There are 4 protein chains.
Amino acid sequence: MSISEAVPAGPQTQAKDQTTPENDQLFRRLMETRRVSLDLAAPLSDEDQVVQANPDASPTKWHLAHITWFFEAFVLRSFLPGYRVYDEKFEYCFNSYYDTVGERQPRDKRGLMTRPSAAEVRSYRAYVDEALERMFTDVDLSDEALALVELGINHEQQHQELLLTDILALFSDEPLKPAYREAKMGVAADAPGELTWTSFDGGIHEFGHGGDGFFYDNEGPRHEELIRPFKLANRCITNKEWIAFIEDGGYETSTLWLSDGWSRVSRKGWKGPLYWDEAEGGFMQMTLLGYRPVDPAAPVTHISFFEADAFARWAGKRLPSEFEWELAAEDLPVKGRTLGADHLRPMPADPKANGLQQMYGDVWEWTASAYLPYPGFKPAVGAVGEYNGKFMCNQFVLKGGSCATPEGHIRKTYRNFFYPFQRWQFTGLRLAADI
Amino acid sequence: MSISEAVPAGPQTQAKDQTTPENDQLFRRLMETRRVSLDLAAPLSDEDQVVQANPDASPTKWHLAHITWFFEAFVLRSFLPGYRVYDEKFEYCFNSYYDTVGERQPRDKRGLMTRPSAAEVRSYRAYVDEALERMFTDVDLSDEALALVELGINHEQQHQELLLTDILALFSDEPLKPAYREAKMGVAADAPGELTWTSFDGGIHEFGHGGDGFFYDNEGPRHEELIRPFKLANRCITNKEWIAFIEDGGYETSTLWLSDGWSRVSRKGWKGPLYWDEAEGGFMQMTLLGYRPVDPAAPVTHISFFEADAFARWAGKRLPSEFEWELAAEDLPVKGRTLGADHLRPMPADPKANGLQQMYGDVWEWTASAYLPYPGFKPAVGAVGEYNGKFMCNQFVLKGGSCATPEGHIRKTYRNFFYPFQRWQFTGLRLAADI
Amino acid sequence: MSISEAVPAGPQTQAKDQTTPENDQLFRRLMETRRVSLDLAAPLSDEDQVVQANPDASPTKWHLAHITWFFEAFVLRSFLPGYRVYDEKFEYCFNSYYDTVGERQPRDKRGLMTRPSAAEVRSYRAYVDEALERMFTDVDLSDEALALVELGINHEQQHQELLLTDILALFSDEPLKPAYREAKMGVAADAPGELTWTSFDGGIHEFGHGGDGFFYDNEGPRHEELIRPFKLANRCITNKEWIAFIEDGGYETSTLWLSDGWSRVSRKGWKGPLYWDEAEGGFMQMTLLGYRPVDPAAPVTHISFFEADAFARWAGKRLPSEFEWELAAEDLPVKGRTLGADHLRPMPADPKANGLQQMYGDVWEWTASAYLPYPGFKPAVGAVGEYNGKFMCNQFVLKGGSCATPEGHIRKTYRNFFYPFQRWQFTGLRLAADI
Amino acid sequence: MSISEAVPAGPQTQAKDQTTPENDQLFRRLMETRRVSLDLAAPLSDEDQVVQANPDASPTKWHLAHITWFFEAFVLRSFLPGYRVYDEKFEYCFNSYYDTVGERQPRDKRGLMTRPSAAEVRSYRAYVDEALERMFTDVDLSDEALALVELGINHEQQHQELLLTDILALFSDEPLKPAYREAKMGVAADAPGELTWTSFDGGIHEFGHGGDGFFYDNEGPRHEELIRPFKLANRCITNKEWIAFIEDGGYETSTLWLSDGWSRVSRKGWKGPLYWDEAEGGFMQMTLLGYRPVDPAAPVTHISFFEADAFARWAGKRLPSEFEWELAAEDLPVKGRTLGADHLRPMPADPKANGLQQMYGDVWEWTASAYLPYPGFKPAVGAVGEYNGKFMCNQFVLKGGSCATPEGHIRKTYRNFFYPFQRWQFTGLRLAADI
């Protein structure tokens, strides 16, 4: 997923008269978000934090510095009078892809920066946090400033998820197979109940974000779509079901696959989800909790769109569209999960529950929808606008958030997007069908 | 575009009682189509016909033999009792991509087959044509047989277009820049009139093929879509307008491009449409009529989706969806153009005409629609079904047919599709906008 | 091997007084060489002659035109007053690598030139031959002119060998596996006798060309080398011996290979010489005489230096140095073989003969000598000089000429050179050992 | 350069009776060598030590662990009764290329091992050092054991040089351009005197190692070579002279280059030595002492064979053969240099000195000699033997050692070797000529 970011228009601020409950709450959320990032890095050594697993992933240290630089570049420089940047050279080091901001360390060489050290990056964070606190205390913040802080929070949350998926990518390639955290769960999960279906009527419905609260530009405009009657599975596809697909020759049957998918499977020799090994006694899987037997009850994860699509064809079903998913989620509460070791694995569905489960916070669910602009889409002004719309080609929409998505970051209209071959995120699937 | 092809179910036929006008007409169309293929190859030497321009293109000789093999493999073997194949080895040589049929010459090595000779391929065609004639005379053809003949005609027409675009690809890389045919037009075309707009109301409309006559499976099912009010340009974008885009720095301005498009432009060093050179005195272009100055009045062609999309952004407009195009074409006649040298170039719009022009038969018009299945899409049974649906990923829909599309092959619901970076077909664009 | 070529210094000539026997003989050799090139192309259709097998090979038509252009560019333009070039554009088409001469068709796109046609290239040859005849008749040729004619003859001979090896490369990739010529030999060859050894004393010996007659600059200067006592095998390694190497796991045993060789074997999946297939009943081989069972008695051919070196290590022997080979050939006559179908295959050693056999005209024998300049090497002046010395890096010397080397072209001091991974020439090996 | 390593034959030892001065000295050298490795890593943070600059380079931590594992695998396990390996998994992590020993971390993924930590690697070193000390105290070491300790010392010295060149490669790609050490030299060096020549007679001379003391198998056998009279430059080519080559268009003149070299220059866009930038005011260079102006007086370094060869051609001279270099060094003492910051840069020649300078310890000097086996070369038995001979193809010999070569490691007969395109070592050149 691409990170939306903003270049603010101008630097005017004025001295502070009073504080408001809204500002206070925003400030508390900001500090809480900042703290969570450090918490996520806490189990890692400085050595763990410097290495880049692959050209698509970034080092932990880079994430920690980049999201800090974001506040410096787009908030503090503009809205805190007299702010002095921590180190002018960090802009080159930790800018991600702002052509307008200037030159930067090449993306595939982020892991070569042993300097500045992780310790210095922590000092940088403290320096910026202190300045943010001063800004909230001393400055009467404009709506633009507040919006950029909100954007910075969301931006940092996105990088928190990437930090976790990128560490998993790194640890999976290490011979010692380190665990990011120790699992607290000692017993295997109950098997989920049988897969059941919920039906939905067709008709014209409204989709997309209506405009209250924070959202990314790609979630709007809110608009109507014509939906046909469909049914949706009550839960995600499990590892056990995925093993049945493997054992039925799913990865060797060209007719189940899109042409580009089959070409990828053949070229890369895929035989199962990313991070899976076939071992004596069954499948093993590298996870944030270490190298473990695949849990049959948990939702399958680390699969590409190509694999999700092939599975659905094998099952005689299809993937839902992004609108079908959103319609089904209409009245469901957005469930958060407690942060902690067990947060870092998709949870099995509850065999006793009725209705839709696992819609939020387990795996990003691939949809059948190409990632395209909504009717009337207008990119936001400035760099923000540049960086969502430009990816609207050759990617597919995912919904619902994963076990690595921070609480408070996900919502019904959220449109994540990845290329159909990518699978280092916590990606899975839920089936749909026409009725 | 991928070619739809079929493996027939079985070989039962029975002796002929009578002929019907429908069969007679089908037979005449078949022979006419077969003749056109040879006509298209007539300006070429045997040496021209053997060489493969690039891995995506095929030699003329291969096209001529492959479409002949199609009738042998899927029609004659099944429906003409006692038919003996011309040469058993040709199946390996001229099969395109039927995994179920067996091994075949690798696609990127089609140009290595100096044997069989072009002369022998012509004998092969005559042998098969004679057998087809015998079949129509002697056999009481089942509906399945007739449907496969119809499919074979459409298949051959698709390859006629590819034959032309592949020869252009070859000749463009030759230092002597041969002309495929001599142009008959001696004078430059009039400039088209100003670009004007036609407005369309929104609402629920039906799209896709309803089922009478021949069509590909990807054109159905006929279904409803919700359309928003829009307007469509009366004509395609001209070379003159494209030159304005170039001269305004279109190819150097990253913000106009999709991210994947910009990456392609940078990596490949694109500075204009395929086959264009900048020379003293203006732009030159390799065409089927030779190496000539770019005609400012003609529709721009040989552009990728990325370029079409960037142009539209530069112009403050957008590309139409495939449904908007189809709605606009609702009541327009499907215009054919006389085959001949001037058939082989897009024609300028008529400055005196009103309303939509150039909808059919000039350039394939890129739409904003990702090539995805229509709701309820079911692939056809057998190999036919395998080969349209499997490409429904990462490609975009094009409408309207080009100056190289054979008469009688195009229709309103026809969905051509290419990857967004491809541009060796006669591809252009027409603008749309919201109202 | 790179082709040595020359740019002459100037264009002065004078009218002819008399002819000389030497000139007459040179002219006859020139015309004979020109005729042989056409003879070699005679079994091929025009379609065969246009296609390029791979980026290292050239089309027959290109060879025929290039060696003709050589006489036009470097002889006729300079020494035949009033000569008019056949077509100015041919310089671009048929120049090989003369930076000083100008731009040219890219090497890997020589096979895209369907124009000029093969028929026109034959006209071009006739035009140039007629002019060469006129030059010999009318002009009193300077030594420089005569030297360039001699060079042109040798240059054409080199391309005759390449023409054959390149056609083999092309036909080997064709599904119909055409034979370039029909073999005249109806019976399998006798097995060669046991491999025996000839011993040679050490000491200081002279090597390299002394300067009489035509030779390439890389064959000189003549100079002394210190040789240690050694012995040399009486014949080349046979296919039968090579099969023993294969069956003993030669291609799977890393310790037999140079590191770069092992890496090539692994990456390319080599399991035997180029053009070999393992079939039921034994190994098959694509040859100029068609697709045939491997002849156990014939010298192995189409092997790389890496393979030759690995075989020698497996056999507990080594490859000879280029000087050891030359010393052993000291008093041997340079044997020519009659041109014809059987010329096109390496001949088995004669079991009844004593002493060294197969030194000339069967296979190019890999030596252990890196291709480096002889002490005091001075590149020839002009383009000739540029084009032998610049390849003196990362290649190995081969001696003796192959069954595709034209009569009269090979000599004891001839240094052919190829990269250690190349094997589309008729390359084989002879063992040596210390004593 | 490849590292020679050994697999010992067997594990027999016996209890110790007495110590010898030779053993004591060996033990002191061992401990000193072990200490130097840690000293070399001391200026680096743990983060610096984990990252791999590129696939050819290794992380510092890997070097430190690998040379430790060498003693564990080949010495302690065999000769210290009761020795227990530190961690069984380290064999996978820190084996370099011993196929016979087993599977290992892929070479290009050595930088992904954030675990074990640098601190744990230091513990591993202490554990092994303690065991080595115990072995020397308690065990009566066989000649084989002592030879393997000697080999381990030399092996560790080779990795010390690589550690330095690999850190330079890493730091050169970091935006903050860190200095490995601070330079002690505050003033620019004097310009060296004019380049002068020393002449040598030809004749038969002996070369290669005679067998006393430690040497690698590729240095033998000692044998005779025939040398022609030549002269050798008194010093290496300086940066100032190299700048003259650049400014004379050396990198743009194809005729100065070997063909493979020119192809590399063009493809990679080389415009000067590795680590050089052209800046306002002159050339800058990344060094172990930081990012600094190029010192005109110092020998040029970080050049490939291709560049050295092109320079020599430009200068109208040539590179010496490895034998010419060795002959010239015949009576010169092998000079060591004090370890320290200034050790890490090539030193300018002394303008007041006469005769050959800079033969040892400044830059590895490219020779014109392909890296091939000496006559009668027999690889050593076991893995040692496998790993020098197998690289004898496509590489060139370098002589003399560089400023990063540890004291005591270099000698007259030492044959270093690299591919002609490599330049991340401290490589330079000295001219030679015929007389």
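This is a short tour of a predicted model with several chains, one selection at a time.

**Stop 1: chains A and D together**

Start by showing chain A and chain D and hiding the rest. A rotation of 180° with 0.0 Å of shift along its axis lays chain A over chain D, with an RMSD of 0.1 Å. That is the relation of a two-fold axis. To find where chain A comes to this axis, select E47(A): its C-alpha is the nearest one in the chain, 2.5 Å from the axis. The two copies use the same surface here, since 100% of the contact residues of chain A recur in chain D.

Now colour the residues in contact. You should have 29 residues from chain A and 29 residues from chain D. How much area is buried between chain A and chain D? The figure is about 2400 Å², and carbon and sulfur atoms give 59% of it.

Next, show the charged side chains along this boundary. Six salt bridges cross the interface of chain A and chain D. For one of them, pick K61(A) and E47(D), whose side chains meet at 3.1 Å, N to O. While you are there, turn on polar contacts too: 14 residue pairs, both members at pLDDT 80 or more, are counted between chain A and chain D.

Which elements of chain A supply at least two residues each to the side that touches chain D? Select α2 (46-50), α4 (90-94) and α6 (143-172) of chain A. Of the elements on this side, α2(A) gives the largest share, with four residues.

**Stop 2: chains C and D together**

Keep chain D, hide chain A and bring in chain C. This contact takes 30 residues from chain C and 30 residues from chain D. Chain C and chain D bury about 2200 Å² between them, with 57% of that on carbon and sulfur atoms.

Try the charged side chains again. How many salt bridges are counted between chain C and chain D? The count is zero. Polar contacts are there to be drawn, though: six residue pairs, both at pLDDT 80 or more, are found across the interface of chain C and chain D.

For the secondary structure on this side, select β5 (223-227), α8 (259-268), β10 (364-370) and α11 (383-389) of chain C, each of which supplies at least two residues that touch chain D. The largest share comes from β5(C), with four residues.

**Stop 3: the pairs that do not touch**

Show chain A with chain C. No contact joins these two, and their closest C-alpha atoms lie 15 Å apart. Swap to chain B with chain D: they do not touch either, and their nearest C-alpha atoms are 15 Å apart.

**Stop 4: a sheet in chain C**

Zoom in on chain C alone and switch to a cartoon view. Look for an open sheet of four strands in the order β12-β11-β10-β13, with mixed pairing. β12 (416-418) and β13 (427-428) of chain C are the edge strands; each has a single partner strand, so one side of each is left without a neighbour in the sheet.

Follow β11 (residues 396-399) of chain C next. Three bridges join β11 to β12(C), and the two run antiparallel. To see the register between them, label L398(C), which stands opposite N416(C) in β12(C).

**Stop 5: backbone details**

Finish with a few residues worth a close look at their torsions. In chain B, select G220(B) and P221(B), which are joined by a cis peptide bond with omega of about 0°. P221(B) sits in the loop between β4 (203-207) and β5 (223-227) of chain B. In chain D, the peptide bond from R115(D) to P116(D) is also cis, with omega near -5°. The loop that holds P116(D) runs between α4 (90-94) and α5 (118-138) of chain D.

Then check two positive phi values. H302(A) is not a glycine, yet its phi is about 60°. You will find H302(A) in the loop between β9 (290-293) and α9 (305-314) of chain A. Is H302(A) buried or exposed? H302(A) is buried, at a relative accessible area of 1%.

The other stop is K177(B), a residue other than glycine with phi near 45°. K177(B) lies in the loop between α6 (143-172) and β3 (197-200) of chain B. With 28% relative accessibility, K177(B) counts as partly exposed.

Conventions: Residues numbered from 1 in each chain as written. Chains lettered and ligands numbered in written order. Predicted model: local features only at pLDDT ≥ 70, side-chain atom pairs only at ≥ 80, totals over all residues. Heavy atoms only, no water. Least-squares fit on C-alpha atoms with pLDDT ≥ 70 in both. Contact = heavy atoms within 4.5 Å. Buried < 20%, exposed > 50% of the residue type's maximum accessible area, 1.4 Å probe, protein only. Pairing = 2+ DSSP bridges. Buried area = accessible area lost by both parts, 1.4 Å probe. Salt bridge = Lys/Arg side-chain N within 4 Å of Asp/Glu carboxyl O. Polar contact = N/O pair within 3.5 Å; in protein donor to acceptor, adjacent residues only side chain to side chain.
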